[in-house]
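Pull up a chair and let's go through a model together. Ask whatever you like about how to read its features.

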Amino acid sequence: MDGFSARAGKTKQGLQEVKMLLLGAGDSGKTTILKQLKLNFEGGYNDRERKLHRNDIFSITVASMRSVLLAMPQLNVPIQPGNESRKELILGLNPNLTINQDYLPREISEALRGLWYDPGFLTAGRAEEQVGRGALIDERGTPELGGVTKGFFHALERMSTPGYLPTDQDILRSRVKTTGIVENVFKVGETHYRVFDVGGQRSERKKWINCFDGVNALVFMVSLSDDHGLGARDSVDGEP
């Protein structure tokens, strides 16, 4: 902190101001860190903000299940006959669906719950854990069956209850691709921190240069679970 203070600017109120830039590849955790800063230093999320995350959580949960169902044939893992209708229901949904109500429709949540406990699904999950992160990639380019996605499946009953409001953990688990540049301001003591979150995808990186002017701290983030897998956005030559 002392090193930041020596280079920090001043706000109009005379407070110290630190400009911090979060960099890293997509899915490295930049936005999650920003969410945690908001929870710790900005009083968390109000109801209006929580509602804005609701549809993203619904869409991520459905897209996660779709990715597993689509990958099961290549893993030679069958679905139980009693779950075929549930499988068809989920595969028939748009992975980027918009649900204009405050809870996950009961027929969707029941289908997801039935498939989540299907022995074939569990086998596919174990296979993914053995071959490593990135084995199953959904339409969003998001590796599935990790702890983040499992958290949503365990919360299906709560998500399908009218008036559902995402919890702090739900919001932290939700992963939506960042585009452009997002600025958040946090006050810690007598210091203002201007924290910039940028999109990590290759197409977004050319925008990073616009943020470097006057930067006091640069944090480059790497996901610890990405050491042994390639994502859908990676090229065949392994370029990040």
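## Reading salt bridges, a surface patch and helix packing

Q: Let's start with charged pairs. How many salt bridges does the structure hold?

A: Side chains of opposite charge can pair when their charged atoms come close. This is a predicted model, and it holds nine salt bridges.

Q: Could we take one apart? Which residue does K38 form a salt bridge with?

A: K38 pairs with E42, and their closest N and O atoms are 2.7 Å apart. Then look at how well each partner is covered. K38 has a relative accessible area of 11%, so it counts as buried, since the cut-off for that is under 20%. E42 is partly exposed, with 34%.

Q: What about R106: which partner does it have, and how far apart are the closest N and O atoms?

A: That partner is E157, and the closest N and O atoms are 3.7 Å apart. The pair ties together parts that are 51 residues apart in sequence, because R106 lies in helix α5 (residues 106–116) and E157 in helix α8 (residues 156–159). R106 is partly exposed at 35% relative accessibility, and E157 is partly exposed at 45%.

Q: Which residue forms a salt bridge with R158?

A: D170 does, with 2.7 Å between the closest N and O atoms. This pair links distant parts of the chain too: R158 sits in helix α8 and D170 in helix α9 (residues 168–173), 12 residues apart. As for cover, R158 is partly exposed at 34% relative accessibility, while D170 is buried with a relative accessible area of 0%.

Q: Which residues are joined into one network by salt bridges that share partners?

A: Those are E17, E183 and R194.

Q: Now the nonpolar side. Which residues form a nonpolar patch on the surface?

A: I209, F212, L218, F220 and V222 form one, and together they have about 520 Å² of accessible area. Take L218 as a sample member: it is in strand β5 (residues 217–221). L218 is partly exposed, with a relative accessible area of 43%.

Q: Let's zoom out. How many helices and strands does the chain have?

A: There are nine helices and five strands. Reading from the N terminus, the elements run α-β-β-α-α-α-α-α-α-α-α-β-β-β. For cover across the whole chain, buried residues make up 45% of its 240 residues.

Q: How do I describe two helices that pack against each other?

A: Two packed helices are described by the angle between their axes and the distance between the axes. Try helix α3 (residues 47–71) and helix α4 (residues 84–91): they pack at an angle of about 120 degrees, with axes 9 Å apart. That angle makes α3 oblique to α4, because 65 to 115 degrees would be roughly perpendicular and over 145 roughly antiparallel.

Q: Is the crossing of α3 and α4 left-handed or right-handed?

A: The α3 and α4 crossing is left-handed.

Q: And at what angle do the axes of α3 and α5 cross?

A: They cross at roughly 40 degrees, and the axes come within 11 Å. α3 and α5 are therefore oblique to each other, as angles have to be under 35 degrees to count as roughly parallel. Here α3 passes α5 in a left-handed crossing. Helix α5 should ring a bell: R106, the salt-bridge partner of E157, lies in this helix.

Notes
Residues are numbered from 1 along each chain as its sequence is written. This is a predicted model: local features need pLDDT of at least 70, side-chain atom pairs count only at pLDDT 80 or more; totals for chains, interfaces and linings use all residues. Side-chain values use heavy atoms; hydrogens and water are left out. A salt bridge is a side-chain nitrogen of Lys or Arg within 4 Å of a carboxyl oxygen of Asp or Glu. Buried means under 20% relative accessible area, exposed over 50%, partly exposed in between (1.4 Å probe, protein chains only). Helices (H or I, at least four residues) and strands (E, at least two) are DSSP runs, numbered from the N terminus. Patches are made of residues with over 30% relative accessible area and no salt bridge: like charges are joined within 9 Å, nonpolar side chains (Val, Leu, Ile, Met, Phe, Trp, Tyr) within 5 Å. Accessible areas come from the Shrake-Rupley method with a 1.4 Å probe; for residues, only the protein chains shown count as cover. Axes are lines fitted to C-alpha atoms, for helices over the stretch in contact, and angles run from 0 to 180 degrees between N-to-C directions. A crossing is left-handed if the near helix is turned anticlockwise from the far one by less than a right angle, and right-handed if clockwise.
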